[in-house]
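Colleague: Got a minute to walk me through this one? I'd like to hear about the packing, the rings and the charges.

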Amino acid sequence: MDILRASAARCVLKWHSTVTRPRNWVCQSCLHSSRSSSRFESSTYRRTFTAGTILRSTTTTATATATKSSTEKQKPYYVTTPIFYVNASPHVGHMYSMVLADVLKRWQILAGRKAFLCTGTDEHGMKVQQAAARADVAPMQWCDQNAEKFKELCEAANISPDRFIRTTDADHVDAVKHFWFLLEKKGLIYETKHEGWYCVSDECFYPESMIHKTKDVFTGEVFMASVETGNKVEWIEEKNYHFRMTALREKLLRFYDENPEWIVPASGMTQVVDWVRNHLEDLSISRPSSRLQWGIRVPEDPSQTIYVWVDALVNYLTFGGFPNWQPGREAEGGWPADVHVIGKDILRFHGVYWPALLLALDLPLPKQLLSHAHWTLDHRKMSKSKGNAVNPFVAIQRFGVDAMRFYMVHDGGIADDADYHNEIIVERYKKHLQNGVGNLLARITRSKMWKFSDAVTTARSYHHGRDGYERSPLAPDSVAGMCREHAKYLDTVLTRSVEGHMDQMNPGLALRSIMDAIAKANKFLQNTMPWYFLKDVDAVNYDVKRKYAHVSLFLVGETLRMSGILLQPFMPEKAARLLDLLDVSPDRRTLEYARLYADREYGMKADGGDVTAASVSTDKVLLVPYDSHHVLTYHGWMEDPDIQQATASEPLTLEEEYENQQSWRASHDKMTFIVCQPLSTSQQVVPADEKRTVQAGLVDTPDKMIGDINLFLSPYDEDDDDTVTTASYVGEVDIMIADKKDQGRGTGKAAVLAFLAYLSRHVDEILGEYTTSLSLEQPNSTSSNSTGTDVKKTQPKLHSLMAKINQTNERSIALFESLGFAQEGEVNFFGEVKLVLSGEEFARRFDTAVGSDSITPGYEELVYVRTGEEEGRP
């Protein structure tokens, strides 16, 4: 194929020099050849995404590329999206095509290859002409307005195109005219009267075998429609030009037979082959200008307008420099494309018409088509006409750009359609990003029991080669075995698996492989229990046990580092943040370094443990952060069957409880205080600058602990509320008074009041930290709204507070109702009542400016000082 492609390129160059052009038409690009670099100067939406040169290790990474000619080795990787119709605003289906193409481009750059991405808008044709007429604006004005929306979607979705092409661009118009000229001179165009079924929505004629009579279920109208799309067709008789496509039937079938994997998924190839064998006709490639004024006129025949799909498909060549290719440098612009990313509804145009047109001119064909499935809503294809199109700007605004990119690649279909659900976005975010990546990072970098930098240093000196870690009678053999097994997985499976899926054009499976690695690492950390080896510094052989603990932590860190590198094409901003937090140097973030032990310089600034925190004191209670020295008492509370029933909790082992505490302390979506007896005058409160301090382990001993109170944050999710333009969150409040002598004495209400007073003073700070954690975007950045205009994102806001209480717990229900909470909905399946307080009412009741201190007498925020001694576990 490479030889054939080179030969085809030479044929094009020969045509440039030998074919006589029409006297009355001169290609404008020939008059302005000096602007050959314009591909990279078309708009401000061009981005630069660079990476270092890759020196791949054959022992640890998969090599899936066959030997190539020297010309192809020099060719940049070239990926395209469809160019999108400007007859309507973008929806998430358009975003999906963009994101898939962007991931493919960024992956190639990660691997050290120069890569181009072209996207843009299809601005000619009957649909655009009619849409402009309905809006009572000139077609060009309509195109300018709507093309801008797609450009803004590129910006909002963090797409990195090298050109945003428009079919109204002057160099593209010249390329289309030249393409027509070549077809005509080869005798592949003829003029005839055409009769057939034409679909304005699909911009194509359908053969008799591909239409049927149907009925609109809402209006009762009976009409003829396309079997493929269901769109209405009309019988048209007109004089126009045809392309001799049937003459290429055997060439097309031979090409499909020789390239069985040309279309992904394979079912697409089956459809295309069937079409060519059973439905192929000569293609009508012009429309009378009297019917279609908005388009490119046929050279030397202004009475005809070039068919919109011929116009549109040539855009891929325009980006590649056609028709101004210089001998020996044809591939510098990227052609042939490595992959066209398209929706399955336009497979016939790309899988039949496009290769036929290219074969007709002996031009190289694109190497692959990735024909992805659709996004549906309630299992119906999204479309403007159906009114069920999801606005991508609102979705990005609500959930964050990387959370949306993650969801679309993770759940989007290649072979099968995917149904869009806001609740699934939240579920994926919590499971994979918050509780997966975020929690794992916090567990190894924010503990007071170790420093991750020490683990990296120890593991470097302790590594004994790729065969694993030395066995030692001083550490359980099972732990050494688990370390060897996880190291082997990182060394031989993770990166190779991701590379394999990317080579097979399946970014979704590649992303799932990375998430599988995170899940394995969480389980590995749980099973190796590094805290167990570090809990007693006076133990015999502590140094050896400490090494095993550090090896375990280091392998988890390696999982995160490698996964962070591999996640960059999918979640550029949050992957960068993860690598920043791990202290990975910017020049060590390429695919070369996505190997075990490939980077021995990171982690020195990755420790995030803190020695102070906030506590809250009132006349009736003291709230202190939940720390490890509280776990033993807390575990005892949770063994009480009455408390288990009241809190709907399953009992945990003591070790699991310690792990739970570490996770809660590090997490950005949970805030937990232990409720203690109020400070007495004899207890030490030491002034420290502006705030006074209390010492951990003195004011919160087991005999002073009463219960706990928690806040669980989650994104506000309302499917029908598209008016949300600010990230909004819901906080669930949970209170437990475990000490029976304090139940029924107002201690619970005092704790809730103190907690809500603290929350009111720090809500912006708490939400800001939550939204800037690993998986959500930075607040106050600029994005675009549904109209395509820039909006300044405001500080994330608290939409509401809620409490879920067992319906039999009348005392707790009365407590929250006395604070303004009101029941919402019916009792749920678990017998719980949901009580809600709106964010506005919460702010009003606890606004410090109107004297909230009166409902929390003695309120004072103290600095809770950890010495480290209280962190040890029995």
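Modeller: Sure, one cut-off before we start: a charge sits over a ring if NZ of Lys or CZ of Arg is within 6 Å of the ring centre and within 35 degrees of the ring normal. This is a predicted model, where local features need pLDDT of at least 70, side-chain atom pairs count only at pLDDT 80 or more, and totals for chains, interfaces and linings use all residues. Residues are numbered from 1 along each chain as its sequence is written, and side-chain values use heavy atoms, with hydrogens and water left out.

Colleague: OK, so which residue lies over the face of Phe 349?

Modeller: Arg 348 does, at 5.1 Å from the ring centre. Lys 520 is placed over the face of Tyr 489 in a similar way, with 5.2 Å to the ring centre.

Colleague: And what does Phe 349 form an aromatic pair with?

Modeller: Let me give the rule first: rings of Phe, Tyr and Trp (its six-membered ring) pair if their centres lie within 6.5 Å, and planes under 30 degrees apart count as stacked, over 60 as edge-to-face and the rest as tilted. By that rule there are 27 aromatic pairs. Phe 349 is stacked with Trp 309, at 4.1 Å centre to centre and 5° between the planes. Trp 309 belongs to helix α10 (residues 308-313) and Phe 349 to helix α12 (residues 347-360), so the pair ties together parts that are 40 residues apart in sequence. Helices (H or I, at least four residues) and strands (E, at least two) are DSSP runs, numbered from the N terminus.

Colleague: Is Trp 309 buried or exposed?

Modeller: Trp 309 is buried, with a relative accessible area of 8%, and Phe 349 is buried too, at 4%. Buried means under 20% relative accessible area, exposed over 50%, partly exposed in between (1.4 Å probe, protein chains only).

Colleague: Which rings link into a cluster?

Modeller: Ring pairs join Tyr 78, Phe 116, Phe 179, Tyr 316, Phe 319, Phe 322, Trp 325, Trp 335 and Trp 354. Phe 322 also has a cis peptide bond to Pro 323, with omega about 5°. Trp 335 has a cis bond to Pro 336, omega again near 5°. Pro 323 lies in the loop between α11 (315-319) and β14 (339-343), and Pro 336 is in the loop between α11 and β14 as well.

Colleague: Switching to packing. How many residues has the largest nonpolar core?

Modeller: It has 152 residues, and those with the most contacts inside it are Tyr 420, Leu 623, Leu 756, Leu 801 and Phe 816. Helix α25 (residues 747-771) gives the most to this core, with 14 residues. A second, separate core of 74 residues includes Phe 116, Leu 183, Trp 325 and Leu 361. By nonpolar core I mean a set of buried Ala, Val, Leu, Ile, Met, Phe, Trp, Tyr and Cys residues joined through side-chain atoms within 4.5 Å.

Colleague: What is Leu 801 in contact with?

Modeller: Leaving aside neighbours within four places in sequence, Leu 801 has contacts (heavy atoms within 4.5 Å) that include Leu 711, Val 733, Leu 756, Phe 821 and Phe 842.

Colleague: Any backbone oddities? Where does Met 529 lie?

Modeller: Met 529 lies in the loop between α18 and α19 (530-534). Its phi is near 45°, a positive value in a residue other than glycine, and Met 529 is partly exposed at 28%. Asp 378 has a positive phi too, about 55°, in the loop between β16 (375-377) and β17 (380-381). Asp 378 counts as exposed, at 59% relative accessibility.

Colleague: Last topic, charges. How many salt bridges does the structure hold?

Modeller: There are 27, each being a side-chain nitrogen of Lys or Arg within 4 Å of a carboxyl oxygen of Asp or Glu. Lys 381 and Asp 345 meet in one of them, at 3.4 Å from N to O. That pair links distant parts of the chain, with Lys 381 in strand β17 and Asp 345 in the loop between β14 and α12, 36 residues apart.

Colleague: What about Glu 427 and Arg 428?

Modeller: Their side chains form a salt bridge at 3.1 Å, N to O. Glu 427 is partly exposed at 42%, whereas Arg 428 is buried at 17%.
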